[in-house]
Protein chains: 2
Amino acid sequence: MKLSTKGRYGLRAVLDLALHSETEAVALSSIAERQSISISYLEQLIAKLRKAGIVESTRGARGGYVVDEEISIGDILRALEGNLNPVDCSELSGGPSCHASDICVTKYVWKRISDSINNAVDTLMLSELVKESREVQAAGQEKKNDILC
Amino acid sequence: MKLSTKGRYGLRAVLDLALHSETEAVALSSIAERQSISISYLEQLIAKLRKAGIVESTRGARGGYVVDEEISIGDILRALEGNLNPVDCSELSGGPSCHASDICVTKYVWKRISDSINNAVDTLMLSELVKESREVQAAGQEKKNDILC
DNA sequence: AAAATTCCAAGTAATTTACTAGGAATTAAA
DNA sequence: TTTAATTCCTAGTAAATTACTTGGAATTTT
């Protein structure tokens, strides 16, 4: 029941991007360096985010990525990880009932978990993390490094 | 972000056990047969539950397991899966802060998810699933098989 | 033309999961 | 007291997934 590095690194990368893209697009290499993630692996993560419409890219020299902060953490994590359901049950994704559906009671457990996770991440915006992050940084006397958990 | 078969099979097994242990201990072989899980794999799952004090065993012929229904689904799932935190961050488990703790903002996300999952499963009791299960079975005209999702 | 970048597909190494195998210990029943 | 039925324990293995790396094509600015 763990997020993979896709979700962990990917969210770190998006937050790093949001914190550094005030004026212009940010190159992946700079995010990779700050966050100690290999460029080539980050490429795969950001590709998921781009295909989901979460970040926008510009190609070529001086290119890079930008992100709109008014997006939920849930949308980011689902783009990176796939759905956040604890089991792959079609009913949790709005699909048809499984053959044991009428007697299946454990699915109430899975739905309960699923709903709580999705609610938790859908009611938190990237902009809130950005704000929190700036406050934390302002509180420290020195400029700390940028590494995020 | 998926539960493993430990959690899924294990919870099915516990519920099956609760539904069949009214008068006497239930042998693992009968649970395994009803739930189509191999006995030897089930042994490993039920060992975790026994060590966590969730089921009680009696050895020897006519032996088997019993379970007290007044236990939360959270206790069952944590016994099977380990903690249900989305990342292994010591602060989520009540341990010391990590070195990046003072600037780590993503940990708020992990804590939010962690809290919501644990709350969801800790406020649901095995007895409630048992009750629901009996109602579902009573509603069907025929006795259906016992397979759970 | 050169440099800096995103974009893409395929391969591989490491880790974790999901089991299986074999047998010892315990208890009830014949 | 033997036999059968069961839990208990350890170690091994096969399959799947994750976490990357490699190599290069396409695009854009300088």
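This report looks at how two protein chains meet each other and a DNA strand in a predicted model.

## How the two copies are arranged

Let's start with the overall layout. Turn chain A by 180°, with 0.0 Å of shift along the axis, and chain A lands on chain B with an RMSD of 0.0 Å. The two copies are thus related as by a two-fold rotation axis. If you want to find that axis in chain A, look for M1(A): its C-alpha comes closest, at 2.5 Å.

## Where chain A meets chain B

Now for the place where the chains touch. Here, 41 residues of chain A are in contact with 41 residues of chain B. On the chain A side, four helices each supply at least two residues: α1 (5–20), α4 (73–81), α5 (106–122) and α6 (126–139). The largest share comes from α5(A), which gives 11 residues.

What kinds of residues are these? Sorted by class, the chain A side has 26 nonpolar, 6 polar and 9 charged residues. And 100% of chain A's interface residues are interface residues in chain B too, so the copies meet through the same surface.

## Around DNA strand D

Both chains show up around the DNA. There are 25 residues around DNA strand D, and the ones that come nearest are S4(A), S38(A), S40(A), G60(A) and S57(B). Chain A gives two or more residues from each of α1 and α3 (39–51), while in chain B the elements that do this are α2 (28–35), α3 (39–51) and β2 (64–67).

As for the mix of classes, the surface near DNA strand D has 7 nonpolar, 11 polar and 7 charged residues.

How values were computed: Residues numbered from 1 in each chain as written. Chains lettered and ligands numbered in written order. Predicted model: local features only at pLDDT ≥ 70, side-chain atom pairs only at ≥ 80, totals over all residues. Contact = placed C-beta atoms within 7 Å. Nonpolar A, V, L, I, M, F, W, Y, C, P; charged D, E, K, R; others polar. Near = placed C-beta within 6 Å. Least-squares fit on C-alpha atoms with pLDDT ≥ 70 in both.
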